[in-house]
Amino acid sequence: MAVLQRNKIFINFNKFFSTFFVENLWKLCGFFGLATPFGIPTVPRLRYYNCMENTNAWLKYDNPKPVMDFAEDYRKFISQNKIERECAAFFIERAREDGYISIEEAKKAKKKLKAGDKVYASAMGKIVAFFQIGKKPLEAGMNILGAHIDSPRLDIKQNPLYEDNGLALLDTHYYGGIKKYQWVTLPLALHGVVAKKDGTVVKVVIGEDESEGVLGVSDLLIHLSADQLEKKGNKIVEGEALNILVGSIPLKVPASAKAASKDGQKKNPVKENILKILKKKYGIDEADFLSAELEAVPAGAAKNYGLDNSMIMAYGQDDKVCAYPSWRAIQGLPKTDRTAVCLLVDKEEIGSVGATGMHSRFFENAVAEVYDLCGGYSELSLRRALANSNMLSSDVSAAFDPNYPDVMDKKNACFFCKGIALNKFTGSRGKSGSNDSNAEFVAKVRKIFDDADASFQLCELGKVDQGGGGTIAYIMANYGMNVIDSGVGVLNMHAPWEITSKVDIYESFKGYRAFLINA
Ligand SMILES: [Zn+2]
């Protein structure tokens, strides 16, 4: 607050004395630390001045190739890894290439972990933590990046498949906060697994390959929408109406078998035909839906966005747009003083609950195992390791949208192309449910980002009374560690296709890496 006040005085003064001479005299006085004319405080350093001015990060790059190359790697990643299981598997595979071994493997080999060693813990294929051991004992604390890899979507119900007037459909139950009307008339794909009674788990991806059909939810034609359009936004399309159309060809019963059935045809021939296809392709029966996790997500690859190709349009960027640079920040990291951690969690979109959510003991248990492998584990030293840690909760922020300016306080909003969005607090109304990060820690993070030339901005989610949101920050803060939300600004957040700025993604990567080394 005090800093913004100072900036305000500075700008007003400039308006008052709008001559070139006064403006530059003012800056020079500030730069050399001299007393300012008229005793009004001014900027202590030019860098500080730039930060408050929120310079566009693209302007730092004469050649934006590193920005574009990083964004292309990310675009490919997010095109193929749309759900938490796929992300966890992708990062584990990359980590193993980078020299990581699982905690189980380390235990089996009776390995004593030392500085530079790399281990990971994972559970149920949906949550994973990567640790690179630091030179200092674990008790000194860790530098942690924490993002989530689940995203809003339509989950397939456990008894989903039915036929209605010659069409086969799948019943869904939406996951996370969505505007239901955004999920109709879109090409959808199914991603997930079917666990069978014999213990096998079948991986399913339907609708991504050009040779396969996509799926989707229909909407009412405008010609007959008089009643629908009178409804409130949250009722235009209701949850139970989000049924996915999957087929229309009936199963033909061979002439020889016709006699067995009264009318010479199966009862639900279109549904039967879909089951036949699933059996042939994946070896699964209708009952196997009972133990399946299938997620309907937008089909197709992520896109470059904008006439200048400066943005990315993709499904699930909340929060894979922070998970990916978090992983890249720890990948190939040189030896650090403090242990570096990249934590990628599930279930954030539904309150961080469950065995793979942040409220679980997964992370605490993983740190205990790592401590044991380092030697010197005790309950007390584990508590100290957690309390002495620093964390960036790498989660997205709502970017300013010129189409909807009224929900933002422009002075404290997140803007595209202005770097990492630091949310000192999230929550709603009177900071309810928020981790309000400590000022001293914010100062430390500012210095790390400045020194690494990683552009950043301090922002709020939106106007105070407009709503709110949360991340995993407040859960980690329960250990007494320093945490601040730090991520990429997103347009269309939680819509099927979200937009991000390529330069913001790159600045986040730079900031995250500097944090792992220097926090
Ligand atoms: Zn979200």
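In this predicted model, M311 has S501 as its bridge partner in strand β23. The two strands concerned, β13 (residues 311–314) and β23 (residues 498–501), are joined by four bridges and run antiparallel.

Both strands belong to an open sheet of five strands with mixed pairing, in the order β12-β13-β23-β22-β16. The edges are taken by β12 (303–305) and β16 (397–398); each has a single partner strand, so one side of each is left without a neighbour in the sheet.

Helix α10 packs on this sheet and touches β13, β22 (489–491) and β23. The direction of α10 makes about 30° with that of β23. Helix α15 (residues 502–518) lies across β13, β22 and β23, and runs at about 65° to β23.

Helix α10 covers residues 317–330 and includes D319. The peptide bond between D318 and D319 is cis, with omega about 15°.

Two residues that are not glycine have a positive phi, M124 and K431. The table gives the value and the loop for each.

| Residue | Phi | Loop |
|---|---|---|
| M124 | near 55° | between β2 (118–123) and β3 (127–132) |
| K431 | about 60° | between β18 (427–428) and α13 (439–451) |

Are these two residues buried or exposed? M124 has 13 other C-beta atoms within 10 Å, so it counts as partly exposed. K431 has 15 other C-beta atoms within 10 Å and is therefore also partly exposed. A residue would need 20 or more such atoms to be buried, and 12 or fewer to be exposed.

Definitions and conventions:
Residues are numbered from 1 along each chain as its sequence is written. This is a predicted model: local features need pLDDT of at least 70, side-chain atom pairs count only at pLDDT 80 or more; totals for chains, interfaces and linings use all residues. Two strands pair if DSSP finds at least two bridges between them. Two residues are in contact if their C-beta atoms, placed from the backbone, lie within 7 Å. Axes are lines fitted to C-alpha atoms, for helices over the stretch in contact, and angles run from 0 to 180 degrees between N-to-C directions.
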